[in-house]
Amino acid sequence: MSTLAIVLICIAAVLLVVLVAAAMATRSRRRDAQHERHLRQRRDEVAGAHREIAADQAREADAAEREARVQQAKAGVRRAEAELHDARADMHERGLADDELDREHGRFVRDHDQDPGVDADVDQPRGGRRESASR
(Lines give C-alpha, C1' and ligand atoms only; values in the text may rest on other atoms or scores of the structure.)
Protein backbone atom coordinates (compact mmCIF):
# COMPACT_ATOMS: atom_id res chain seq x y z
CA MET A 1 0.00 0.00 0.00
CA SER A 2 1.22 3.28 -0.83
CA THR A 3 1.53 6.20 1.49
CA LEU A 4 -1.03 8.11 -0.52
CA ALA A 5 -3.62 5.41 0.02
CA ILE A 6 -2.93 5.37 3.75
CA VAL A 7 -3.31 9.16 3.94
CA LEU A 8 -6.55 9.05 1.94
CA ILE A 9 -7.94 6.30 4.18
CA CYS A 10 -7.04 8.33 7.29
CA ILE A 11 -8.61 11.48 5.83
CA ALA A 12 -11.77 9.52 4.93
CA ALA A 13 -11.92 8.02 8.44
CA VAL A 14 -11.52 11.47 10.03
CA LEU A 15 -14.22 12.89 7.73
CA LEU A 16 -16.47 9.99 8.59
CA VAL A 17 -15.94 10.59 12.32
CA VAL A 18 -16.60 14.33 11.84
CA LEU A 19 -19.78 13.63 9.84
CA VAL A 20 -21.06 11.16 12.47
CA ALA A 21 -20.31 13.63 15.26
CA ALA A 22 -22.07 16.45 13.36
CA ALA A 23 -25.09 14.23 12.73
CA MET A 24 -25.26 13.30 16.41
CA ALA A 25 -24.96 16.97 17.45
CA THR A 26 -27.69 17.99 15.00
CA ARG A 27 -29.96 15.22 16.24
CA SER A 28 -29.26 16.25 19.84
CA ARG A 29 -30.07 19.92 19.09
CA ARG A 30 -33.26 18.91 17.28
CA ARG A 31 -34.27 16.74 20.23
CA ASP A 32 -33.51 19.61 22.67
CA ALA A 33 -35.53 22.07 20.55
CA GLN A 34 -38.45 19.63 20.41
CA HIS A 35 -38.26 19.11 24.17
CA GLU A 36 -38.17 22.91 24.70
CA ARG A 37 -41.26 23.38 22.47
CA HIS A 38 -43.10 20.65 24.35
CA LEU A 39 -42.08 22.17 27.69
CA ARG A 40 -43.22 25.64 26.56
CA GLN A 41 -46.54 24.20 25.39
CA ARG A 42 -47.10 22.45 28.74
CA ARG A 43 -46.19 25.64 30.62
CA ASP A 44 -48.76 27.58 28.57
CA GLU A 45 -51.43 24.93 29.20
CA VAL A 46 -50.79 24.84 32.94
CA ALA A 47 -50.62 28.64 33.19
CA GLY A 48 -53.92 28.89 31.25
CA ALA A 49 -55.56 26.38 33.56
CA HIS A 50 -54.38 28.33 36.61
CA ARG A 51 -55.61 31.61 35.11
CA GLU A 52 -59.01 30.03 34.41
CA ILE A 53 -59.24 28.77 37.99
CA ALA A 54 -58.17 32.20 39.27
CA ALA A 55 -60.85 33.91 37.17
CA ASP A 56 -63.53 31.49 38.46
CA GLN A 57 -62.45 32.03 42.05
CA ALA A 58 -62.41 35.81 41.55
CA ARG A 59 -65.99 35.67 40.23
CA GLU A 60 -67.04 33.53 43.19
CA ALA A 61 -65.32 35.95 45.58
CA ASP A 62 -67.13 38.90 43.98
CA ALA A 63 -70.46 37.10 44.36
CA ALA A 64 -69.65 36.26 47.98
CA GLU A 65 -68.72 39.89 48.67
CA ARG A 66 -72.00 41.08 47.14
CA GLU A 67 -73.93 38.58 49.26
CA ALA A 68 -71.99 39.69 52.33
CA ARG A 69 -72.91 43.33 51.63
CA VAL A 70 -76.58 42.32 51.34
CA GLN A 71 -76.39 40.37 54.59
CA GLN A 72 -74.60 43.27 56.26
CA ALA A 73 -77.35 45.64 55.13
CA LYS A 74 -79.99 43.24 56.47
CA ALA A 75 -78.10 43.04 59.75
CA GLY A 76 -78.02 46.84 59.88
CA VAL A 77 -81.78 46.97 59.40
CA ARG A 78 -82.29 44.40 62.16
CA ARG A 79 -79.91 46.30 64.44
CA ALA A 80 -81.82 49.54 63.79
CA GLU A 81 -85.12 47.79 64.52
CA ALA A 82 -83.67 46.38 67.73
CA GLU A 83 -82.44 49.83 68.75
CA LEU A 84 -85.89 51.27 67.99
CA HIS A 85 -87.55 48.66 70.20
CA ASP A 86 -84.95 49.25 72.89
CA ALA A 87 -85.62 52.99 72.76
CA ARG A 88 -89.37 52.35 72.98
CA ALA A 89 -88.77 50.07 75.96
CA ASP A 90 -86.76 52.83 77.66
CA MET A 91 -89.57 55.31 76.99
CA HIS A 92 -92.14 52.95 78.46
CA GLU A 93 -89.96 52.23 81.50
CA ARG A 94 -89.56 55.97 82.13
CA GLY A 95 -93.25 56.58 81.69
CA LEU A 96 -92.72 58.82 78.66
CA ALA A 97 -94.97 56.80 76.34
CA ASP A 98 -98.10 56.26 78.42
CA ASP A 99 -100.24 57.83 75.68
CA GLU A 100 -99.08 55.02 73.36
CA LEU A 101 -100.15 52.46 75.95
CA ASP A 102 -103.67 53.85 75.92
CA ARG A 103 -103.83 53.84 72.13
CA GLU A 104 -102.40 50.33 71.84
CA HIS A 105 -104.76 49.05 74.53
CA GLY A 106 -107.74 50.59 72.72
CA ARG A 107 -106.64 49.08 69.43
CA PHE A 108 -106.20 45.69 71.08
CA VAL A 109 -109.65 45.84 72.63
CA ARG A 110 -111.27 46.87 69.33
CA ASP A 111 -109.48 44.18 67.33
CA HIS A 112 -110.23 41.56 69.97
CA ASP A 113 -113.92 42.53 70.02
CA GLN A 114 -114.15 42.20 66.23
CA ASP A 115 -112.39 38.82 65.97
CA PRO A 116 -111.97 37.14 69.35
CA GLY A 117 -110.06 34.19 67.84
CA VAL A 118 -107.18 36.36 66.59
CA ASP A 119 -104.88 38.51 68.67
CA ALA A 120 -104.12 41.88 67.13
CA ASP A 121 -100.55 42.81 66.33
CA VAL A 122 -99.58 45.38 68.94
CA ASP A 123 -96.75 46.73 66.77
CA GLN A 124 -99.01 47.92 63.94
CA PRO A 125 -97.86 51.28 62.61
CA ARG A 126 -99.75 54.36 63.59
CA GLY A 127 -102.38 55.44 61.11
CA GLY A 128 -103.72 51.89 60.72
CA ARG A 129 -107.40 51.14 61.12
CA ARG A 130 -109.30 53.84 62.93
CA GLU A 131 -112.61 52.88 64.35
CA SER A 132 -114.57 54.27 67.17
CA ALA A 133 -114.08 52.63 70.55
CA SER A 134 -117.83 52.13 71.03
CA ARG A 135 -119.97 49.94 68.81
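1. A good place to start is Glu83, which is exposed at a relative accessible area of 51% (buried is under 20%, exposed over 50%, partly exposed in between, with a 1.4 Å probe and protein chains only). Glu83 joins Asp86, Asp90 and Glu93 in a negative surface patch. Patch members have over 30% relative accessible area and no salt bridge, with like charges joined within 9 Å.

2. Please keep in mind that this is a predicted model, where local features need pLDDT of at least 70 and side-chain atom pairs count only at pLDDT 80 or more, while totals for chains, interfaces and linings use all residues. Residues are numbered from 1 along each chain as its sequence is written, and side-chain values use heavy atoms, leaving out hydrogens and water.

3. Glu83 sits in helix α1, residues 3–94 (helices are DSSP runs of H or I, at least four residues). The 92 residues of α1 reach 131 Å from first C-alpha to last, close to the 136 Å expected at 1.5 Å a residue (1.5 Å times one less than the number of residues). After α1 comes Gly95, with a positive phi near 80°.

4. You will find three salt bridges here (a side-chain nitrogen of Lys or Arg within 4 Å of a carboxyl oxygen of Asp or Glu). In one of them, Asp56 pairs with Arg59, the closest N and O atoms being 2.1 Å apart. Asp56 is partly exposed at 32%, whereas Arg59 is exposed at 52%.

5. Arg42 pairs with Glu45 at 2.9 Å between the closest N and O atoms. Because they are three residues apart in helix α1, about one helical turn separates Arg42 from Glu45.

Terms used:
Patches are made of residues with over 30% relative accessible area and no salt bridge: like charges are joined within 9 Å, nonpolar side chains (Val, Leu, Ile, Met, Phe, Trp, Tyr) within 5 Å. Accessible areas come from the Shrake-Rupley method with a 1.4 Å probe; for residues, only the protein chains shown count as cover. Lys and Arg count as positive and Asp and Glu as negative; His and the chain ends are not counted. The place of a charge is taken as NZ of Lys, CZ of Arg, CG of Asp or CD of Glu. Helices (H or I, at least four residues) and strands (E, at least two) are DSSP runs, numbered from the N terminus.
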